[in-house]
Amino acid sequence: MKKRLLMAVALAIMIGLIFTLNGCQSDQKQAAKIQKIIEEAATFEKDFATNQTELNELRENARLIYIELINLNINDKDSIKQKIEESYTYTEQQQLLVKDAKENYQKAYATTLKIEKNINKIKDDDQKNQATLLLTIMNERKKLIGSYFEHYYENLKLQNTFYQHFEKENINLESLNEQINKINERTQEMGEIIQAFNQYTQQFIEAEKNYYQMN
């Protein structure tokens with residue numbers, strides 16, 4: 001009787017061990033799938049980052065044109081017209097690049113969202129919580145970058161309005177100053193948003209690293 005009891009206990013332990021190992025293997029399987037999905041999303045993030053680099057270059061070129069423009073003699077109509085035309089060109093190029101950046105980020109976000117179904121299959125609570133943190137951070141990044149794009153489009157509109165005022169025969173300096181202040185405020189807000197976005201990006205990288213270390 002005692003021997004049978006020991007065998008039953010041993011069998012129960014073995015069964016429990018098998019379930020534990022299967023659970024571990026299942027979680028490792030989900031981790032591998034999550035990693036693959038995030039790597040796929042990273043290709044779109046890379047394109048998005050390239051867009052940002054190009055946008056930074058265009059903004060810098062537009063800024064230099066802007067400085068040249070406001071330093072021109074107010075009666076030098078030909079030079080003013082030339083600089084304004086250059087400015088419009090940079091604005092149009094930025095609009096196209098912002099559109100590309102928005103599309104690339106949306107692809108990255110939509111791809112990363114696929115990990116949710118894998119997270120739901122994770123057995124270990126700690127691992128599930130850590131993986132869920134990835135989704136939380138990702139959604140915060142999405143909110144920020146959405147706001148950034150909205151600010152960017154608005155800023156480009158403000159710049160065009162500024163140049164339209166500059167084209168008028170009778171330039172209203174008060175109106176120009178008002179436009180400049182609006183542009184500066186929006187530009188500062190954009191900088192703060194992208195800074196917060198980059199901080200969340202770093203948090204995502206750390207959370208991802210911690211999750212993989214748990215497997």
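Asn 155 is buried, its relative accessible area being 3%, and this residue lies in helix α4 of what is a predicted model. Once residues up to four places away in sequence are set aside, the contacts of Asn 155 are with Ile 183, Arg 186, Thr 187 and Met 190.

Two further residues of α4 can be set beside Asn 155. Gln 127 belongs to helix α4, which spans residues 125–167, and Glu 140 is likewise found in helix α4. Their relative accessibilities, together with the resulting classes, are listed here.

| Residue | Relative accessible area | Class |
|---|---|---|
| Gln 127 | 9% | buried |
| Glu 140 | 25% | partly exposed |
| Asn 155 | 3% | buried |

Because buried means under 20% relative accessible area and exposed means over 50%, Glu 140 at 25% counts as partly exposed, whereas Gln 127 at 9% counts as buried.

The surroundings of Gln 127 can be described in some detail. Leaving out neighbours within four places in sequence, Gln 127 is in contact with Asp 27, Ile 122, Tyr 211, Met 214 and Asn 215. With one of these residues, Met 214, there is also a polar approach, in which the side chain of Gln 127 reaches the backbone oxygen of Met 214 at 3.4 Å.

For Glu 140, the available description is a distance to a residue further along the chain: Glu 140 and Phe 197 are separated by 57 residues in sequence, while their C-alpha atoms are 8.2 Å apart in space.

The relation between α4 and the helix that follows can be put in geometric terms. Two packed helices are described by the angle between their axes and by the distance between those axes. The axes of α4 and of helix α5, which covers residues 173–213, come within 8 Å and cross at roughly 160°. Since angles over 145 degrees count as roughly antiparallel, α4 and α5 are therefore roughly antiparallel to each other. The crossing in which α4 passes α5 is left-handed.

Turning to the protein as a whole, the model contains five helices and zero strands, so that the pattern read along the sequence is α-α-α-α-α. Of the 215 residues in the protein, 34% are buried. The accessible surface comes to about 13500 Å², and carbon and sulfur atoms account for 53% of that surface. Among the contacts in the protein with a separation of 6 or more, 84% are between residues 24 or more positions apart.

Methods: Residues numbered from 1 in each chain as written. Predicted model: local features only at pLDDT ≥ 70, side-chain atom pairs only at ≥ 80, totals over all residues. Heavy atoms only, no water. Helix = DSSP H or I, 4+ residues; strand = E, 2+ residues; numbered from the N terminus. Buried < 20%, exposed > 50% of the residue type's maximum accessible area, 1.4 Å probe, protein only. Contact = heavy atoms within 4.5 Å. Areas by Shrake-Rupley, 256 points an atom, 1.4 Å probe, with all protein chains shown as cover. Polar contact = N/O pair within 3.5 Å; in protein donor to acceptor, adjacent residues only side chain to side chain. Axes fitted to C-alpha atoms, helices over the stretch in contact; angles between N-to-C directions. Parallel < 35°, antiparallel > 145°, perpendicular 65-115°, else oblique. Left-handed = near helix turned anticlockwise from the far one by under 90°.
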